[in-house]
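Hi everyone, thanks for coming along. I'd like to walk you through a structure that is new to most of you, so please have a look while I talk.

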Amino acid sequence: MDEPRKPPIELSTRVQALPGMGVTRAKRLAKLGLKTAQDVAFFLPRDYERPAPPMSVDQLREGQPASLIGTIADAELVSRSPGKSVFGAIIQNETGAVRILFFNQPFRAEQLLVDQKVMISGTPKLNGLRMEFTHPQVTLFDSDEEITKPKMLAIYPLTEGVRQKDLRFLVAEVLDAVEDDLVEVMPESLRQSAADRLREADIEIRGACPTIKTALRDLHQPNSEQSMLAARTRLVFQELLAMQLALAIRRRKLTSDLQAPPVARSAMIDARILNRFPFELTADQTQAIKEVSHDMACQFPMNRLLQGDVGSGKTVVAVYAMMLAVANGHQAVMMAPTEVLARQHFATLGKILEGSRVRLGLLCGSLAKSERAETIRATAVGEIDILVGTQALLYGDIQFSKLSLCVIDEQHKFGVGQRVALRSGGVDPHYLVMSATPIPRSMAMTLFGDVELSTLRQKPPGRAAVNTYLAHDGWKDRWWTFVRERLREGRQAFVVAPRVMASTDEEVDDETGEDISSVETVYRDLSEKTLSDFRIALLHGRMRPEEKLETMKAFAEGESDVLVSTTVIEVGIDVPNATVMTILGAERFGLAQLHQLRGRISRGSHAGHVCVFTDGELPPSENERLKLLEQTDDGFELAEADFRLRGPGDLLGPRQSGLPPLRIAHPSRDIDILIVARAVAQQMIDEDPDLESPEISLLKAQVMRRYGKRLDLGDVA
Ligand code: ADP
Ligand code: MG
């Protein structure tokens, strides 16, 4: 009889078609994302078991991992009942002897024969006077073979019903079958230059980057820590390089397709603008202005994100840029997410520009029809130099006579592909986008590949600090007494209510998906009991825009003492007199968001106080994330931590990014490799814009397959 021929395993072979695979097992493996042989070959170990170096018998300690080299002196298989057996053997060397045990693995009797030379690794236990290893890792050796160190073993993520052993076996089997079919997308020259660049960045890698075949072998069955790290670096680098190539192609497309009016800066203009500010700029502001001016002098549109904590003075940078545009005879527009904020900017600009010839315009929802029409007309004919307004209005078809700069304030959601189309005379304006949600550099580089970044890290001098308290059980009374004292002194207070997800649609806040009833409950409670002596207002995303505006305005003007709200206050409101904030249900917020909220009470010269409560079992002081909030006032540090702990989700919705998920690389952990990949990608595109070199045709194909459609890279293909 012929043996049935096994079908060959290819990269595209489905897991359920692998030899010996049952439906149930295939389903379990699918839960780990393993659907094809390729998935298995690229399945990333979570960690490695690192067996201890070989020892002598007297060095063995109970409970401490150890390895031992020796010869099998005695072996016995005892069957107790069908399917139940014990295999025991003595391993002996010149320093003594130990026992090894295997339960229900009768095949061990055939493998571990007397006189066989072996190395065992595991954790021994003392049994009588002898150390005993149960189910050790065993390596067999020919008697004259030189014995080196025990092998590292990959540890894979598991799921129910899938054992570590099964995965190791499966990976080994697949790797043996497919490793000669792997496609190498990084040619030798690229592997060499990438390694050089990685070394320059202090990332350890010997020689060139390993080939894909070596890399996968060393990822799953490394011979040493070093070869494992080199393998990982190569795979991470490749994945990030593909992404950065896609982003570089896109950047190039944008800059070659679009044109913007160059805006020049001179020493005289600079001095004239700076004269208008009543204070010295911080070093960070000066640096950001330098970066912005540099971009604006170019013939293609600036696309720059200016980030800085609430109160770091972003407006100054924007005002500078707008005045620069005006000094060049152009127009500028500034968009805010809310009318309150638009009016605030309009007032600020009015003050700074008092007595100058710069003409300001305001466009927002509450203007009378005739006023609006007049502003729109004046903008179109160039009688307005700087137009401030809400985004909603400005996205309409407003005409400019010569627009060269568009500033977008308090923008939280960007993503590749999100751009505003505000064209004027066939050219695009420069874009300056401002955000108080700090975006970790690693994330900015991955998600916003076509955005440049400026950062204000320092705060202007003279800011009172915010004191952050993590509430303990039984603090409520003390805290509310403190709040009442501040209110009696004439200060104002925010209460941010828990963000409970609603169970019925009825209660859902359209903007935030929060349960309004919980805010309303808090509001009622405070009005009727805790703060019944004070004027309390309620604010949530479900109110009509005019109602919201009215409520915020009244609070800003001191007509109410306490504002109970959902996170809608996150954006835009500036009330220097508000110095206390109570945050309820804090475990439901991201760190970046909590930090934003806290920023609302650091606007004035009075010290701010924020007290953080949780709804959950754990008090805030036991919550690792919340502890960070107490420990640092640096929004960037918090954003990085948030990114590490919760992923990017809190900063932007996954749909915002427009990029497929990374499989191996982690932008935050692999930031150093990311920076190198970005530089290498940029250089490759500079030298070969359409990636036409035949050497990299496979790499290009991979980039286009993965990113072409999503990033609209069509022309290059
Ligand atoms: P944000 O970054 O939150 O938009 P703003 O631009 O509104 O911050 O600035 C916050 C406050 O700090 C404003 O009142 C502004 O006038 C003030 N400010 C900005 N820059 C400086 C500076 N260099 N020195 C002193 N005060 C400054
Ligand atoms: Mg601002």
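Let me start with a word I'll lean on: buried means under 20% relative accessible area, while exposed is over 50% and partly exposed lies in between, using a 1.4 Å probe and protein chains only. Please keep in mind that this is a predicted model, where local features need pLDDT of at least 70, side-chain atom pairs count only at pLDDT 80 or more, and totals for chains, interfaces and linings use all residues. Residues are numbered from 1 along each chain as its sequence is written, chains are lettered from A and ligands numbered from 1 in the order in which they are written, and side-chain values use heavy atoms, leaving out hydrogens and water.

Helices (H or I, at least four residues) and strands (E, at least two) are DSSP runs, numbered from the N terminus. So where does strand 14 sit, enclosed or not? Six of the six residues of strand 14, residues 403-408, are buried, so this strand is largely enclosed by the rest of the structure.

Now its partners; two strands pair if DSSP finds at least two bridges between them. Strand 11 (residues 331-336) runs parallel to strand 14 and is joined to it by five bridges, with Val333 partnering Cys406. Strand 15 (residues 430-435) is also parallel to strand 14, through four bridges, and there Ile408 stands opposite Val433.

Next, an open sheet. Seven strands line up in the order 6-7-4-3-2-5-8, with mixed pairing. At the edges, pairing on one side only, are strand 6 (125-127) and strand 8 (137-141). Inside this part, strand 4 (residues 96-103) and strand 7 (residues 130-134) run parallel, joined by three bridges, and Ile100 faces Phe133.

On to the nonpolar cores: sets of buried Ala, Val, Leu, Ile, Met, Phe, Trp, Tyr and Cys residues joined through side-chain atoms within 4.5 Å. Which residues touch the most other members of the largest one? Among its 72 residues, they are Leu29, Phe237, Leu241 and Leu245. Helix 7 gives the most to this core, with 15 residues.

Let's zoom in on Phe237. Leaving aside neighbours within four places in sequence, Phe237 is in contact (heavy atoms within 4.5 Å) with Met186, Ala194, Leu198, Ile673, Val676, Ala677 and Val680. A second, separate core has 57 residues, including Met323, Phe400, Leu403 and Val433.

That's my tour, thanks for listening!
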